[in-house]
Amino acid sequence: MSHVVANPSPRPKDKGRSKGAPTPWRQKKKPKEQAEFPGLRSLNGKWGYLFIAPFIIMFLIFGLAPVLYSTVIAFYQYDPLGEQTFIGLDNFMYLLDDSTFWTSIGNTFDIWFWSTFPQMAMSIGLAAVLRNRFLKAKTFWRTILLVPNITSVLAVAIVFGQLFGRDFGMVNMVLGWFGVPNVDFIENPFAAHIAIASMITWRWVGYNALIFLAAMLAIPDELYESASLDGAKSWQQFRYVTLPGLRNTITFVLIVGTIGGLQVFAEPLTLGGSTSGGSEHQFSTLTLFLYDQAFVANQWGYGAAIGIMITIIVLIISGINFLVTRALTTGEAK
Amino acid sequence: MKFKKFTAGIALAGLVLGAGVSSATAAATEEKVTISKTITIWTFGDVIEPNLILQYKKVHPDIQLEIKKSDLAAMNGTDMTAACTSKTGPDLVAVEVQYSGKWRSYPKCFTDLKTMRTSSANTTMTTIFKTHKKGQDNYYDLDASGNRIKVANSNYYIDSTGAKVNVGSVKAGLSATSIKPNFIPWRWEQGVGHDGSVIGIPTDVGGMEVLYRTDLFVKAGLITAAQSKNGTGRDIVSKMWPTWDKFIATGKKYVSKLSAADKKKGVGFIDNVGGIFTAMLNQAKEKYYHDNGTDSGTIYAVNPKTKKKEPIYSFSPQIKAAWDNVIVADKAKIGTRTAQFSPDWPVGMNNGKFAVIMAPAWMMDYVKQQAPLTKGKWDVAALPGGGGNLGGTQLGITSYSDAKQEAWDFLSWYLAPEQQLQVFRTYGLFPSTKSIYNDASVKDYKDPFFNNAPVGKIYSTGILKLKPIFEGELNPVIDKAFGDGLGRVAAGKKTSAASWKITMDELKKLTRTAR
Amino acid sequence: MTTVVKPVKNRRPSWQKVGLGGYIALGFMAFLSVFPFYWMFVVASNGTEEVSKIPPALLPGPRFLTVIQHVYEVIPFNTALINTTIVGLVVAVAQVFFSALAGFAFAKLDFRGRRGMIVFVIATMMLPSQLGIIPLYILIAGWGWVNTLLALIVPALVTAFGVFWMRQVIDAQVPNEMLEAASIDGAGVMRVYWSIVLPIIRQSGFVLGLFSFLATWNDFLWPNLVLQSPDMYTAQVAVNQLKASYVIDYALNLGGAFMATAPLLLLFVFVGRRLVSGVMDGAVKG
């Protein structure tokens with residue numbers, strides 16, 4: 001239920017600087033991550049079972065039961081109050097053939113893309129400003145950027161719905177000052193996705209900026225100083241010092257963002273105004289599609305099958321994410 | 001330092017706690033009556049009128065009524081499903097008409113109200129109705145079979161302080177059958193299963209008429225200022241559109257009189273032409289379902305052309321006609337494509353972006369709240385084609401309730417005509433109890449917001465014209481699919497034919513397990 | 001005449017310049033961050049028709065007290081605040097405690113099945129929660145917890161997300177060398193956990209607790225389903241009782257939303273700074 005984002009603190013390991021290298025400030029690819037750490041031999045591992053016991057018990061009851069339930073009913077034509085017929089893989093076969101499913105995947109990724117990458121660039125940019133030693137009113141800026149994170153998505157979605165109104169919304173009013181004709185944020189699929197992405201970005205950009213800021217502060221100043229002495233331009237410093245230092249954090253923000261992104265639900269429901277996701281399903285994200293099928297069209301088993309597909313997709317994406325970011329942030333330093 | 005701030009946080013929480021606790025204890029000392037039974041009611045919006053609840057508390061201080069409002073879709077969907085599956089939940093539920101078809105398929109979740117009898121709990125009060133004829137007040141009561149019997153005036157009870165409190169009452173021994181004659185037959189049927197079990201009793205009925213802006217109609221030359229002022233305008237307007245074709249023609253005329261600047265701003269005749277679709281269909285005898293003698297009905301019928309069983313939506317001439325009509329209206333550019341209940345809607349209402357809204361009775365209250373600046377500028381005309389309905393609610397007792405008797409006593413009291421009259425007066429929700437349509441306070445009710453239109457008379461006339469339509473489980477889903485289909489055409493994304501085809505494909509998917 | 005030796009001009013390296021552009025960017029973001037809250041207040045205090053004008057009212061109006069009054073007439077809002085605070089505090093404390101325990105075990109202790117379990121936990125975290133609501137309700141109803149705060153507290157005592165978070169935090173912040181040293185000095189696992197791990201992760205624990213608190217505060221679907229009596233409502237369920245119509249009344253809706261959010265904003269004034277340092281603390285250390 002609670003949706004908490006973990007702190008992706010970079011591991012403060014020694015950065016593998018080798019003396020005599022031409023550009024010692026360039027961060028190298030770390031040796032093998034110590035994340036594979038096997039556990040402390042000196043501490044009695046048996047205690048581990050005791051320590052995880054409360055969590056495992058609670059998890060088995062409240063976490064696993066619903067998962068099992070979903071997994072089972074995905075193989076049924078399932079009516080919780082009526083007939084339940086075992087239909088094997090039919091739900092899954094039907095799903096692969098369902099154009100709305102593919103539309104929903106497309107929408108979800110579009111929204112995910114537009115809510116992740118611009119946001120990440122903005123977060124890193126903001127963090128770069130915030131990290132400055134000579135910035136005035138540091139705490140004020142840091143605190144105010146966290147404000148969007150504290151309120152319920154539902155309430156904010158209503159506000160954004162008003163802002164994005166086609167005829168009288170404030171966004172169109174502002175665009176009008178620049179001569180842009182009114183954008184239909186409901187019917188135009190791209191505009192609709194941008195509207196939703198901006199709601200997600202609004203919520204998380206400050207939070208992620210702080211996370212990036214934390215990671216940036218962990219990068220030793222000497223690296224920048226020696227880079228500066230070597231005559232590296234600020235872009236180069238950013239490219240070869242800052243960015244590699246953020247590798248872990250970027251991976252983490254991406255993974256968490258992807259899990260969240262694949263579960264986007266309240267925003268398209270409120271903005272689009274219906275579970276069907278609009279005239280061409282332009283608002284239909286995977287989770288909204290699940291909700292519509294399970295609870296509105298009364299296809300519970302089908303909804304569960306969608307849920308399982310979402311899980312599989314998240315797992316695949318997390319894997320790809322991890323590999324891509326690793327390649328992006330370390331590949332250059334060869 | 002940090003710890004200090006943390007303690008400040010705790011102190012804050014304590015402050016909040018303290019404030020709350022003191023008010024809670026204050027409330028506790030006021031109420032001394034022991035509660036013998038608690039009735040939990042799941043509802044939404046205005047279905048339950050709070051003042052009536054206060055009255056009921058005075059009559060039955062030992063009954064606690066707990067009313068929880070939720071969002072309609074979740075409450076009539078997942079919430080009720082969860083409650084019925086686990087046999088734990090409310091005693092009374094409000095079911096909206098569009099979900100009535102679904103819940104009629106699950107009679108096991110409800111108590112058959114035919115089997116209930118009112119206890120003597122309410123008989124300490126005496127009469128129910130008051131009518132006003134020829135300058136004289138008459139008071140009536142109901143006998144066991146629901147017929148009125150005239151009684152002397154004693155429409156009150158004496159409360160603990162000795163004061164007279166006006167209240168309706170219900171006799172002992174009444175079942176759903178005995179109160180049935182009070183209600184509009186087609187509304188009553190929506191809560192009745194095929195084995196005859198009554199799972200819900202109607203509270204309000206939507207009806208559907210046309211709200212129009214007199215000032216804008218005058219400006220467009222459709223009526224004169226004098227007609228608008230003396231109230232004859234609404235009859236003239238009603239006669240302007242006996243049919244949907246004439247309605248669209250009027251729209252064209254209106255749009256043709258608009259200034260170029262207005263046209264550029266997207267001003268139009270009606271907020272959204274999509275509403276014509278369901279309004280037309282609701283005037284037909286059958287919509288998407290065929291009543292085949294089962295609770296769930298069927299979406300299949302024999303297509304007279306192919307002589308095969310096919311889904312009704314795919315061949316019904318009414319559905320195609322309604323679709324085509326919307327397309328014609330859309331091509332004529334009489335609609336502004338403002339979705340009802342979108343954020344743009346109230347703004348458009350206030351700013352004359354459109355001059356016409358097709359509105360059920362409950363929507364009038366919304367217009368009043370959202371567009372108070374337009375007070376007196378609206379009027380009410382009849383819906384083309386005659387009569388319509390959108391929305392309405394029924395109340396039922398759950399099968400797993402442990403307070404069935406108390407719930408029925410309350411329900412039969414709450415839905416008695418006199419109480420429903422009060423709901424009408426407070427919220428403008430139109431009661432389903434037809435026995436009060438002739439009551440002066442309904443018949444002669446004029447609303448100054450709507451140019452003193454006799455709202456009660458206009459709506460009751462339309463409501464009585466309607467015939468029952470079989471509400472199937474997937475009605476709302478099918479409605480939505482057609483709505484989306486028309487939306488695609490309106491947004492210029494697809495041609496009518498292409499969009500119709502997509503809609504058929506989508507419906508095939510959505511109804512794949514329907515009987 | 002004394003010559004004042006001017007301090008050497010602060011030589012700011014290029015990467016430490018903060019130009020006007022930086023302040024403008026920050027100012028703009030800060031404005032965007034706060035605007036929706038401000039707008040909520042504007043709509044609630046003006047009524048819908050004021051913001052339905054062209055151009056809309058942009059300043060707060062006089063009606064906010066009416067909204068507050070309405071809230072207090074319809075629902076025991078103080079009770080709702082107490083309920084929400086109780087649930088939030090219990091959940092926050094329990095989350096931190098149990099998550100740290102399990103997170104420590106998953107990060108630092110060697111026992112069979114450790115890796116498999118954490119992977120499984122993360123995988124299940126990804127299943128959308130909407131489907132779980134029916135089986136959860138059946139469970140809770142079976143134990144007779146419907147319409148009690150237990151129904152909100154118990155399922156949230158410890159979540160996969162909290163454990164995952166704590167595993168990451170402890171993995172990153174607690175140096176193995178310290179644990180090794182302590183255990184060589186003869187400290188048992190409990191002792192190590194209590195006197196080394198917990199103090200180090202204090203800040204991150206606070207953040208987890210606070211975010212759990214916020215999540216509990218803002219949760220609506222589940223509390224709205226299980227809570228029946230007005231004296232059990234949480235703030236979000238309570239303000240939902242304001243919806244007086246079939247349809248959205250923006251002023252009332254946003255008024256309610258603002259009422260339910262205001263305590264959080266207030267709390268934020270007190271703990272915001274600490275929250276910020278907590279979010280960042282893990283990285284600064286170590």
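**Briefing on chains A, B and C**

In strand β14 of chain B, D379(B) is the residue that Y212(B) faces. The structure is a predicted model, with an ipTM of 0.82 and a pTM of 0.84. The points below cover the strand pair in chain B, the contact between chains B and A, and the confidence in chain C.

**Strands β10 and β14 of chain B**
- Strand β10 of chain B, residues 209–213, runs antiparallel to β14(B) and is joined to it by four bridges.
- Strand β14 of chain B spans residues 378–381 and is covered on both faces.
- W378(B) and V380(B) are buried on one side, while D379(B) and A381(B) are buried on the other.
- In a regular strand, side chains alternate between the two faces of the sheet.

**Contact between chains B and A**
- Chain B contributes 26 residues, which are in contact with 24 residues of chain A.
- On the chain B side, two or more residues come from each of the elements α3 (72–86), α15 (344–350), α21 (475–490) and α22 (496–510).
- This side of chain B comprises nine nonpolar, ten polar and seven charged residues.

**Confidence in chain C**
- Chain C has a mean pLDDT of 82, and 89% of its residues reach 70 or more.
- Among the elements of chain C, helix α7 (residues 150–153) has the highest mean pLDDT, 94, and helix α2 (residues 48–51) the lowest, 72.
- Residues 1–12 of chain C have pLDDT below 50, and this stretch has two contacts in the model beyond near neighbours in sequence.
- Residues 282–286 of chain C also stay under 50, yet the model has 19 contacts for them beyond four places in sequence.

Terms used. Residues numbered from 1 in each chain as written. Chains lettered and ligands numbered in written order. Predicted model: local features only at pLDDT ≥ 70, side-chain atom pairs only at ≥ 80, totals over all residues. Contact = placed C-beta atoms within 7 Å. Nonpolar A, V, L, I, M, F, W, Y, C, P; charged D, E, K, R; others polar. Buried ≥ 20, exposed ≤ 12 C-beta atoms within 10 Å, placed from the backbone. Pairing = 2+ DSSP bridges. pLDDT = per-residue confidence, 0-100.
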